[in-house]
There are 2 protein chains.
Amino acid sequence: MKMKKFINAPENLTIELLEGLQAAYPNTLKLEGKVVVRAKPKSKDKVAVITLGGAGHEPALSGFVGYGMLDASVVGDIFAAPNAMTLLEGLRKFKDYAGILLVVLNHAGDVMSANMALKMAARENINVKSILVAEDISAGLDSDIKDRRGLAGCIPLIKVAGDAAEQGKSLDEVLAVAEKFNSRIATLAVAMTGCTHPQNGDPIAELGEDEMEIGMGQHGEGGGGRMEVKSADETAKIMFGNLAKAVDLKAGEKVFLVINGTGACTPMEMAIVFRACSKLAEEMGAKVECGIIDEILTVQEMAGFQMILCVVDDEQLKALNAKSGAPYWTCLGE
Amino acid sequence: MKMKKFINAPENLTIELLEGLQAAYPNTLKLEGKVVVRAKPKSKDKVAVITLGGAGHEPALSGFVGYGMLDASVVGDIFAAPNAMTLLEGLRKFKDYAGILLVVLNHAGDVMSANMALKMAARENINVKSILVAEDISAGLDSDIKDRRGLAGCIPLIKVAGDAAEQGKSLDEVLAVAEKFNSRIATLAVAMTGCTHPQNGDPIAELGEDEMEIGMGQHGEGGGGRMEVKSADETAKIMFGNLAKAVDLKAGEKVFLVINGTGACTPMEMAIVFRACSKLAEEMGAKVECGIIDEILTVQEMAGFQMILCVVDDEQLKALNAKSGAPYWTCLGE
């Protein structure tokens, strides 16, 4: 079957989509090479929050550049990490700031670029510390860090860290805020269909007509949990149950929940799953305080979602609810 | 092929998805029967902005309830208008306000319910005026009003009207603001795949492997423009060209552009199309000032988008950029 996508020359995909984002949100985003920065930079006496990652997952990561979230997103080609030099150029832009927090999602290419860039930045006396997001639990609760990928949980983490930075906290304080959030967050993905790579049309993950897979990675990496398609409530029960175990959710605790659509999954379905999770939390004596039902990090047109469970306290909730200028962060109330 | 959707009993779809939205956004949305209202109502000395429509198009319409946009969304079942009595109940909730603007999308069921409810409301001396959104141009520029459907253009219109209401303008003034915006807006949709009705699994629109259709309606109603799949730039050229003609776009004018994904279309593709339109406007001497690349009104998992061209002045741009508390309105800059 011919790949059906509205694109032009495959080799220009990344630059064209970034130019499109800039054209839609010129008050917020500015493109400098393959680094997306804020149109209105924050003041230099504050910590900058930066991330890196391949394109093809829009609106992540560049759509979260803006007040209260990212200062810059360093972009690679489709599903490919940016190289270390591009990342170093991104870091250099913020060398005069009060420090840089670099948020790294746990994928081999991203980690390699980040490690190299961090070494080079250290030689230039750029004050940068990094945090690794690896909240995927599909490989099991006791799995090796290598098998725990960074999924869309990076987005609420960036919101919380970005809020701390905006308040003028020091780099160590911003890092501590991010690490605290990182310690009680877990994600599990499910897919009902695969998708196609937009540059070569190759299928990414293939699933049978009646099959779904729990644990699907961001590039179609299997998680092993293939089963017959289940109802929204049954799917929620399996996934929320595992996530609650992973973060050791206890009665009386507060939850911020994200149902992140990865492509063709309808917001209708995602809302129904959110409802089910909200009831499951209640049965455990915990409470889903609020959350997000949206596409925040997609895997092309894959029909599925990532469920992200964050155990939060009042301070973290306040940070999640705080003002944001990023085009794709959801307003949770005024 | 079995329908692959995360749902439970089909007859409970609508209520379950609304409960899910409420669970995610409790600070913003409250469910009263099948009417979604603000959790924090505006003061009664202001005009209320209300709309009605079938479910299955999430996040529209209920996801746009919130400060600066809707006061209430009266919800029907999947792809079905709410009945007149449900709408009347919605209108009654706002009878003590400074008036009600009812935004009606031009679909037979919605128009029938609206007309009946407006008559009943008049008998009860409820001060309500309505505006019909019928900005679809797929039936041709001189087509009968019956053939011009209301598509996702209602969302920016609601933003502009909602901002006027929030400022304390009178009902006639809010209506005038909405009518002015309505007079320079046009939408055209394109689809590459059909989708399935979530209650009965029936296919909605069927397209060949190499086919796309320009003019696709919100429930799969064909627009007649079947053709071989085209590139992003070629597709943009056809669609933007027709829209510019429809609104009589002139050199020097300002454009607010929305690329609304209807389901499986990736934000990556939508951004590339946005970029193309921005260049096309420039070639005409006009300027795309800013816009939205997002799913604001979906047609289940249909792979396609609606392109909405709004010719705007500075006042309207200001209204579009003004603060909103609705979960699914995009922040266009702080």
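Through which surface do the copies meet, as judged from the interface residues of chain A and chain B? Before I answer, let me say that this is a predicted model, in which local features need pLDDT of at least 70, side-chain atom pairs count only at pLDDT 80 or more, and totals for chains, interfaces and linings use all residues. Residues are numbered from 1 along each chain as its sequence is written, chains are lettered from A and ligands numbered from 1 in the order in which they are written, and side-chain values use heavy atoms, with hydrogens and water left out.

To the answer, then: 100% of the interface residues of chain A are also interface residues in chain B, so the copies meet through the same surface. In numbers, 79 residues of chain A are in contact with 79 residues of chain B, contact meaning heavy atoms within 4.5 Å.

As for the symmetry, a turn of 180 degrees with a shift of 0.0 Å along the axis lays chain A on chain B with an RMSD of 0.0 Å, the superposition being by least squares on the C-alpha atoms of residues with pLDDT of at least 70 in both. The two copies are thus related as by a two-fold rotation axis, and the residue of chain A that comes closest to that axis is Ala264(A), at 2.0 Å (C-alpha).

The area buried between the chains is about 6200 Å², of which carbon and sulfur atoms give 60%; this is the accessible area (1.4 Å probe) lost on putting the two parts together, summed over both. In chain A, Lys4(A), Phe6(A) and Met268(A) lose the most area to chain B, together 16% of what that side buries.
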